[in-house]
Amino acid sequence: MKLSKKQFKQDFEQRLITKFATDVTKAGPQEKFAALASVVKNYYSKIWQADNEYKDESKKKQTYYFSIEFLPGKMLKSNLLNLGILPTVREGLEDLGVDLDEIAIIEPDMAIGNGGLGRLASCFMDSLASTGLPANGNGIRYRYGLFKQKIVDGYQVELPDSWLDNGNPWEVRRSDKAIEVRFGGEVWLEDDGKGNLIPQYKNQERVLAVPYDTPMVGYENTTVNNMCLWRSEVPKDLDLQFQNLEYMRQTAMLSSELYPDDSNYDGRLLRLKQEYFFVSAGLQRIMRHYHSTIKAPINQIAEYIAVHINDTHPALCVPEFMRLLVDEYNVPWDRAWDLTVKVMSYTNHTILSEALEKWPEDMVKTLLPRIYQIIVELDRRRTAELLPKVGATLVHNTRIIKDGQIHMANLSIIGSHSTNGVAKLHSDLLKDVELHDFYEIYPERFNNKTNGIADRRWSQIANERLSTVIDETIGKTWRHNLNDLKLLEAYKNDTETLERLDAAKFDDKQRLAELIKERNGITVNPEAIFDVQVKRLHAYKRQLLNVLHILKLYFDIKDNPELDMVPRVFIFGAKAAPGYHYAKSIIKAINEIAGMINNDPEVKDRIKVVFMENYNVSLAEVIIPAANVGEQISLASKEASGTSNMKFMLNGALTMGTLDGANIEIFDAVGAGNYFKFGLTKDEVYAYYKNNNYNARDIYEQNPVIHRILDAFIDGTIPNISMEGPEIFDSLTTYNDEYFVLRDFKDYVRAQKSLETLYRDKTAWTKATLMNIANSGRFSSDRTVREYAEDIWYIKPKQ
Ligand code: 26V
């Protein structure tokens, strides 16, 4: 949009008066933020309305992205950037003596997601709008987001994230569009005299779902999409039998808390209720819109809408859509099924078996009696139809209902026309191993969509310094088309460009060093290698491998106090699920090791270990630009894709990684010499499983370096871990090291050494940095969503 600085200043000052009866000299930071957000909202609301009208009139097919998590972070700068007014607003505020960054920091992170899955959903929301694709998010407006992490005596402590206390300027509550969702009670079918079986209900619990719409503003275009988040409320005309406090409390709880675990399936009733709640509300809203606005016959609905099931949490979309078609719109069963499969598509985000959702049949039957009937009928018909075609074994292995449980992945695959993994390796594993039986039956449904990141947030917003260097080297077209970063390659031997890249990185490192000083009280040297591992704490991600390497370096120094090594700052950021005991023990160990090393005068600042508390999107925006190295060291086959790997690459950090997830594609893109690769391949890992011949204790017994490092966990070398130390030690020895940490250790140390060697050659290092940035275009989520649009959803961009 066009906006003059003068106009902006007027608008802002005026808004401070109308909203708070104050002026810029007297307003507090919260008031300034609220006024600025309100001005920005005013700027995009006309575009939003116009785009809504365009969508309604053109009736083009739209996607609805159902996700139980979104992780957008802060929205102010992203909205400013996408509206094309970030520099104007920054300068205008400066004229008024206000620092934009100081206002932006006031906005709480919108953290209604755990990690990779939720962040991907938000990157997609940005990219869908920015590529002009007509799409909507659908989720839950949790009153409390992901817990805030404090570190107390080295331990993780969880505090509530009450992010709505000062209101949320971006959302629009739409009470007029509230929808009822029903649970429990009894259901039976009655003949209507014309041969139709009509469900009759008794004693159902009613919940009101109120939508809150948040605009997703496209980058310098005219698209504004919508992310709809549902809040649960008690219906105004509540049935007498439910008028009690317990019911009120239960209803409020539905949209109260985000489940803080993303690694362990845990079949709690409230979680199932949340899943049905946002699925039913979302699909009902779609149906209403279809009838009020699209007004096409119901049997054409697949030409107008696509529904995406983001992991299995929204899998109830399949039976709920069937229910709406069959029960509410009188579509015959077979036709309804055909439409459902055409409308639905599904993404798998993990192969960890402990994360795969299964719900006890009894629970589904009690909570959602009609949905249960539909699932049983789907399973029955499919079994009957497929048995003669593919045989009993395949049918049995792929049934929706097995052993008294409803398998949500099976339901999602069977009820949709597309199942995709999130990186090549992961998609291959789904086809060849994990979902192979499904692949045999429905080969045409399987495909890969390698993840991507909203590059605007991770470069233009998070790393203005680097962005400026890039602009001044190759011009600004990369800001619209990330593939143009490739133009940088022409400068890989240009000393001036390399020096400027280096200087930008140094500035970013200084900014992080200041934050570390402020938050952790630790002084770090910005000349040191900033070696970063930031992601959820999980055994398979192997933060422990990183820790063992740090201990190795520490003992090297203790053995040889004059050791010549490039100084390193090891930076960690990670939340552990509150119930994940082992992960919390690792956090405690990292903090104790940090204390031990940072305070040992003999180390002479050659190693610093920093655990930054409360890792979230905003902190990532400061840490990642400052990284020299990104640690992507999961056991091969376990990390479906990873997306921080792409953020590091885009910011000129080199990847230290295993052949896992999207690392492989990153290695291919950046070329030999520009990354550090180590560790088992997925085939080697699977061979160990097959032959059952891994023996971690042997490695411990036979490798004196490993022996000494592991002993440090149990012999008092690392202080204050008398509970955690033995737990970690045992996991690696007695319990045979589930994620092959000891097996990969030696090769990891080798790769780390070659990293150090390259870092000593500043020019060579910076050149590798440039090659990473230059080849990151492929990892823009603009590319990813375009692929979804073309291959899965069949939707077209505006214009
Ligand atoms: C799983 C579960 C399991 C049951 C309890 C609640 C819960 C909540 C979320 C999840 C999803 C975990 C899956 C996930 O986050 N996968 C990550 O997805 C990223 C985006 O595709 C990908 O880059 C990461 O490699 C993958 O771990």
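This tour of a predicted model proceeds from the two domains to their contact and then to one strand of domain 2.

**The two domains.** Begin by colouring the protein chain by its domain assignment. Select residues 59–74, 109–254, 263–451 and 784–793 for domain 1, and residues 455–779 for domain 2. Taken over C-alpha atoms, the centres of the two domains lie 35 Å apart.

**The contact.** Next, turn to the region where the domains touch, to which domain 1 contributes 36 residues and domain 2 contributes 34 residues. On the domain 1 side, select β2 (70–73), α6 (116–130), β5 (145–152), β6 (155–161) and α15 (424–434); each of these supplies at least two residues. The largest share, 5 residues, belongs to β5. Colouring this side by residue class gives 13 nonpolar, 15 polar and 8 charged residues.

**Strand β20.** Now select residues 529–534, which form strand β20; 6 of its 6 residues are buried. Display the side chains to compare the two faces. Ile529, Asp531 and Gln533 point to one side, Phe530, Val532 and Val534 to the other, and both faces are covered.

**The partners of β20.** Add strand β21 (residues 568–573), which runs parallel to β20 and is joined to it by 6 bridges. Within this pairing, Asp531 is placed opposite Phe570 of β21. To follow the chain from β20 to β21, select helix α20 (residues 543–559), through which it passes in a right-handed β-α-β crossover. Finally, select strand β23 (residues 629–632), which pairs with β20 in the parallel sense over 2 bridges. Here Val532 faces Gly630 of β23.

Definitions and conventions
Residues numbered from 1 in each chain as written. Predicted model: local features only at pLDDT ≥ 70, side-chain atom pairs only at ≥ 80, totals over all residues. Domains from an automatic or database assignment. Contact = placed C-beta atoms within 7 Å. Helix = DSSP H or I, 4+ residues; strand = E, 2+ residues; numbered from the N terminus. Nonpolar A, V, L, I, M, F, W, Y, C, P; charged D, E, K, R; others polar. Buried ≥ 20, exposed ≤ 12 C-beta atoms within 10 Å, placed from the backbone. Pairing = 2+ DSSP bridges. Right-handed = clockwise from strand over helix to strand, strands pointing away.
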